[in-house]
Amino acid sequence: MNSSSTSVSQPGILWRVSVSPRQEKNDPHGNAVLHDIHELGLKHIQRVASSRVFFIQGEIDDEAVSRVARLLLADPITEVFNHRQGGDDRSLPGDGFDAAIEVHLKGGVMDPVAGSTIEAMADMGLDTAGLAVATARLYRLKGIASIAEVETIARRLLSNGCIEDVHLT
């Protein structure tokens, strides 16, 4: 695996691909996080929706990104995906949610999922020279009473400050 497979500092277009459960009831990761939030004593939090996020950067067009998302990143039966140019999603936290927490690996931390994604893209026949991939997790929360609650959830449940950065919306 080369170093470009786990960094998104390459030249070219930056794409953001979000993969989410098709139905709320099919979000075991989000449901487990909600259970953990309730265990913290924040029983008023009503919902957590989780998504996997992939950042793909380099000389790759919209059609190829859509193909990668459809054939590689999302399960067509249980998941949906969306993709857009740019790293930020200004629509967050989204309708019906009060806050969003995005957890990224810090620079220099190995991202094996990103490396595997690059290899699988090459297996699909895509030219991966100069492409970079990084991954993140997105959590959207409903029922948040304050930013302090969001910070507590991010720090105590969703991230490891030694290897991960947190972005709050």
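In this predicted model, Asp89 has a relative accessible area of 13% and is therefore classed as buried, the cut-off being under 20%. Its salt-bridge partner is Arg84, with 3.2 Å between the closest N and O atoms. Arg84 itself is partly exposed, at a relative accessible area of 32%.

## Salt bridges

Across the whole structure, a search finds five salt bridges. Three of them, including the pair just described, are set out below.

| Salt bridge | Closest N and O atoms |
|---|---|
| Arg16 with Glu102 | 2.5 Å |
| Asp89 with Arg84 | 3.2 Å |
| Arg47 with Glu24 | 3.5 Å |

The bridge between Arg16 and Glu102 links distant parts of the chain, since Arg16 belongs to strand β1 and Glu102 to strand β4, with their positions 86 residues apart in sequence. Both partners count as buried: Arg16 has a relative accessibility of 2%, and Glu102 has a relative accessible area of 8%.

The bridge between Arg47 and Glu24 has its closest N and O atoms 3.5 Å apart. This pair also links distant parts of the chain: Arg47 lies in strand β2, Glu24 lies in the loop between β1 and α1 (28-39), and the two are 23 residues apart. Arg47 is partly exposed, with 24% relative accessibility.

## Nonpolar cores

The largest nonpolar core comprises 19 residues, and those with the most contacts inside it are Val17, Ile56, Ile60, Val68 and Met121. Two or more residues come from each of β1 (13-21), β2 (47-58), α2 (62-73) and α3 (112-123). Of these elements, α2 gives the most, with five residues.

The surroundings of Ile56 illustrate the packing. With residues up to four places away in sequence set aside, Ile56 touches Ile13, Leu14, Trp15, Val17, Val68, Met121, Ala132 and Val133. A second core, separate from the largest one, has 16 residues, among them Ile45, Tyr139, Ile144 and Ile153.

Helix α2 can also be considered on its own. Its buried residues are Ala64, Val65, Ser66, Val68, Ala69 and Leu73. The elements against which the buried residues of α2 pack are β1, β2, β3 (79-85) and α3.

## Strand pairing

Strand β5 (residues 132-142) is largely enclosed by the rest of the structure, because eight of its eleven residues are buried. It pairs with β2 in the antiparallel sense over eleven bridges. Within the partners of β5, Arg137 is the residue of β5 opposite which Arg52 stands.

Strand β4 (residues 99-105) also pairs with β5 in the antiparallel sense, over six bridges. Here Ala100 stands opposite Arg140 of β5. Strand β4 also holds Glu102, the salt-bridge partner of Arg16 in β1.

## Asn82 and strand β3

Asn82 is located in strand β3. With a relative accessibility of 39%, Asn82 counts as partly exposed. When neighbours within four places in sequence are left aside, Asn82 is in contact with Arg16, Val17 and Ser18. Of these, Arg16 is buried at 2% relative accessibility, and Val17 is one of the residues with the most contacts inside the largest nonpolar core. The C-alpha atoms of Asn82 and Ser20 lie 8.8 Å apart in space, while the two residues are 62 residues apart in sequence.

## A cis peptide bond

Most peptide bonds are trans. The peptide bond from Leu92 to Pro93, by contrast, is cis, with omega near 10°. Pro93 is found in the loop between β3 and β4.

## A nonpolar surface patch

Ile147, Val166 and Leu168 form a nonpolar patch on the surface, and together they have about 230 Å² of accessible area. Val166 is part of strand β6 (residues 164-168). The relative accessible area of Val166 is 32%, so this residue is classed as partly exposed.

Terms used
Residues are numbered from 1 along each chain as its sequence is written. This is a predicted model: local features need pLDDT of at least 70, side-chain atom pairs count only at pLDDT 80 or more; totals for chains, interfaces and linings use all residues. Side-chain values use heavy atoms; hydrogens and water are left out. A nonpolar core is a set of buried Ala, Val, Leu, Ile, Met, Phe, Trp, Tyr and Cys residues joined through side-chain atoms within 4.5 Å. Buried means under 20% relative accessible area, exposed over 50%, partly exposed in between (1.4 Å probe, protein chains only). Helices (H or I, at least four residues) and strands (E, at least two) are DSSP runs, numbered from the N terminus. Contact means heavy atoms within 4.5 Å. Patches are made of residues with over 30% relative accessible area and no salt bridge: like charges are joined within 9 Å, nonpolar side chains (Val, Leu, Ile, Met, Phe, Trp, Tyr) within 5 Å. Accessible areas come from the Shrake-Rupley method with a 1.4 Å probe; for residues, only the protein chains shown count as cover. A salt bridge is a side-chain nitrogen of Lys or Arg within 4 Å of a carboxyl oxygen of Asp or Glu. Two strands pair if DSSP finds at least two bridges between them.
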